[in-house]
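Me: I am new to reading protein structures, and I would like some help. Could we go through one together, feature by feature?

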Amino acid sequence: MSKQKVAFIGLGVMGSPMAGHLAARGGHDVTVYNRSRAKAEAWVAKHGGKFVDTPAKAAEGASIVFSCVGDDPDLREVTLGANGAFQKMAKGTIFVDHTTASAKVARELAAEAKKRGFDFLDAPVSGGQAGAENGQLTVMVGGDADAFERAKPVIAHFAKAVTLLGPSGSGQLAKMVNQICIAGLVQALSEGLNFALKAGLDAKLVLEVISKGAAQSWQMENRGKTMVDDKFDFGFAVDWMRKDLRICAETARENGAQLPVTQLVAGYYDELSKTGGGRWDTSSLIRRLRRA
Ligand SMILES: NC(=O)c1ccc[n+]([C@@H]2O[C@H](COP(=O)([O-])OP(=O)(O)OC[C@H]3O[C@@H](n4cnc5c(N)ncnc54)[C@H](OP(=O)(O)O)[C@@H]3O)[C@@H](O)[C@H]2O)c1
């Protein structure tokens, strides 16, 4: 693939390694923007390329612009804001957003991009910090097939799977399914491990055994041992999950889907956040049970 001029907006836990792979694996000419300048400076010191001080400047001359920020308002700010990237996107280019946001904002931004002559793909990811660092993310995409085909080989530098789910918003909807599937599962894993501890079992040995059977899951493989060790200062933050589950609940109200367990777990995450656990990994649900 030929070298392209690309840009990345948002060098957080996820964005920084993703942008790094575009430079190292893809050999692309990468311009980065981060709201707090120190992260942009550190990124350029490590990966080369250059940093600029607004999303608009990052978009100037880029064939693909990536973003990975926090929530809907942040995404609106870096795209449509006073210094937003949409001001400088050239015709025929593509904006690929990796933020976990609502399907509504994805559709709005895709319509706005179309009016201005470029494409917008909603492309939330799964696989966590480790997936971003290893370039092994799963990417769920919504948007037009033609733009998807052009962006896919570039996204593939940090992904093990890149799949088009349907029109704009479909990537975000698929990510909601992902989060709904995880929420109840992490609570069940917490209940199982807490039960093992209360029963006086060697919980890590139990994990070793049952992870080879029907109870196996990514959460069990990647979080089980740290849950037993009561370690949560890493990973996917409780407050990000609360944001994701709020988006799921809003969308379910519109489409009529029932989310009884997900709603319960969302309340448990609210409790954790209120008691200082907003930045803990989502597997900290077990802490509520161990405290009780
Ligand atoms: N962490 C995970 O395991 C994971 C997994 C899957 C999906 N996600 C999703 O990926 C997104 C990013 O997560 P993360 O863990 O990388 O978060 P993070 O480390 O907190 O990084 C967020 C990034 O967005 C930037 N940002 C936020 N609001 C902004 C605004 N209004 N204007 C400009 N920049 C803004 C931040 O800039 P500053 O540096 O200036 O704060 C930072 O670069 C979220 O939507 C999250 O739900 C995360």
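Me: Which residue's side chain does the side chain of Asp-281 meet in a salt bridge?

Reply: Happy to help, and please keep in mind that this is a predicted model. Here is the general idea: side chains of opposite charge can pair when their charged atoms come close. In this structure, the side chain of Asp-281 meets that of Arg-223 in a salt bridge, at 3.0 Å from N to O. Asp-281 sits in the loop between α12 (260-277) and α13 (285-291) while Arg-223 sits in helix α10, so this pair ties together parts that are 58 residues apart in sequence. Asp-281 and Arg-223 are both buried.

Me: How many salt bridges does a search of the whole structure find?

Reply: The search finds 19 salt bridges. Let me show you two that lie within a helix. The side chains of Glu-41 and Arg-37 meet at 2.8 Å, N to O. Both of these residues belong to helix α2, where they are 4 residues apart, about one turn of the helix. In helix α11, Asp-239 and Arg-242 are 3 residues apart, again about one turn of the helix. The closest N and O atoms of Asp-239 and Arg-242 are 2.9 Å apart.

Me: Are Asp-239 and Arg-242 buried, exposed or partly exposed?

Reply: For this you compare the relative accessible area with two cut-offs: under 20% is buried, over 50% is exposed, and in between is partly exposed. Asp-239 has 31%, so Asp-239 is partly exposed. Arg-242, at 30%, also counts as partly exposed. Glu-41 in the other helix is partly exposed too, with a relative accessible area of 36%.

Me: Which residues are linked in a network of salt bridges?

Reply: The network links Lys-114, Asp-119, Asp-144, Asp-146 and Arg-150.

Me: Now for rings. How many aromatic pairs does the structure hold?

Reply: It holds 6 aromatic pairs. To read one, a pair of aromatic rings is described by the distance of the centres and the angle of the planes. Take Phe-86 and Phe-118: their rings are 4.9 Å apart, centre to centre, with 85 degrees between the planes, and the pair is edge-to-face. Phe-86 is in the loop between α4 (72-80) and β5 (94-97), and Phe-118 is in the loop between α5 (103-116) and β6 (119-122), so the pair ties together parts that are 32 residues apart in sequence. Both Phe-86 and Phe-118 are buried.

Me: Why is the pair of Phe-86 and Phe-120 edge-to-face?

Reply: Look at the angle: the planes of Phe-86 and Phe-120 are at 70 degrees, with the ring centres 6.5 Å apart, so the pair is edge-to-face. This pair also links distant parts of the chain, since Phe-86 is in the loop between α4 and β5 and Phe-120 is in strand β6, 34 residues apart. Phe-120 is buried, and so is Phe-86. Stepping back, ring pairs link Phe-86, Phe-95, Phe-118 and Phe-120 into a cluster.

Me: Let us turn to strands. In which sense do β1 and β2 run, parallel or antiparallel?

Reply: Strand β1 (residues 5-9) and β2 run parallel, joined by 5 bridges. You can find one partnership yourself: Lys-5 has Asp-29 in β2 as its bridge partner. Between these two strands the chain passes through helix α1 (residues 15-24), making a right-handed β-α-β crossover. β2 also pairs in the parallel sense with strand β3 (residues 50-51), over 2 bridges. There, Val-32 has Phe-51 in β3 as its bridge partner. The chain goes from β2 through helix α2 (residues 37-47) to β3, in another β-α-β crossover that is right-handed.

Me: How many of the residues of strand β2 are buried?

Reply: In β2 (residues 29-33), 4 of the 5 residues are buried, and the strand is mostly covered.

Me: Which residues form a nonpolar patch on the surface?

Reply: Leu-205, Val-209 and Ile-210 form that patch, and together they have about 260 Å² of accessible area. Val-209, found in helix α9 (residues 203-210), is exposed, with a relative accessible area of 55%.

Notes
Residues are numbered from 1 along each chain as its sequence is written. This is a predicted model: local features need pLDDT of at least 70, side-chain atom pairs count only at pLDDT 80 or more; totals for chains, interfaces and linings use all residues. Side-chain values use heavy atoms; hydrogens and water are left out. Buried means under 20% relative accessible area, exposed over 50%, partly exposed in between (1.4 Å probe, protein chains only). Two strands pair if DSSP finds at least two bridges between them. A crossover is right-handed if, with the strands pointing away from the viewer, the path from the first strand over the helix to the second runs clockwise. Patches are made of residues with over 30% relative accessible area and no salt bridge: like charges are joined within 9 Å, nonpolar side chains (Val, Leu, Ile, Met, Phe, Trp, Tyr) within 5 Å. Accessible areas come from the Shrake-Rupley method with a 1.4 Å probe; for residues, only the protein chains shown count as cover. A salt bridge is a side-chain nitrogen of Lys or Arg within 4 Å of a carboxyl oxygen of Asp or Glu. Rings of Phe, Tyr and Trp (its six-membered ring) pair if their centres lie within 6.5 Å; planes under 30 degrees apart count as stacked, over 60 as edge-to-face and the rest as tilted.
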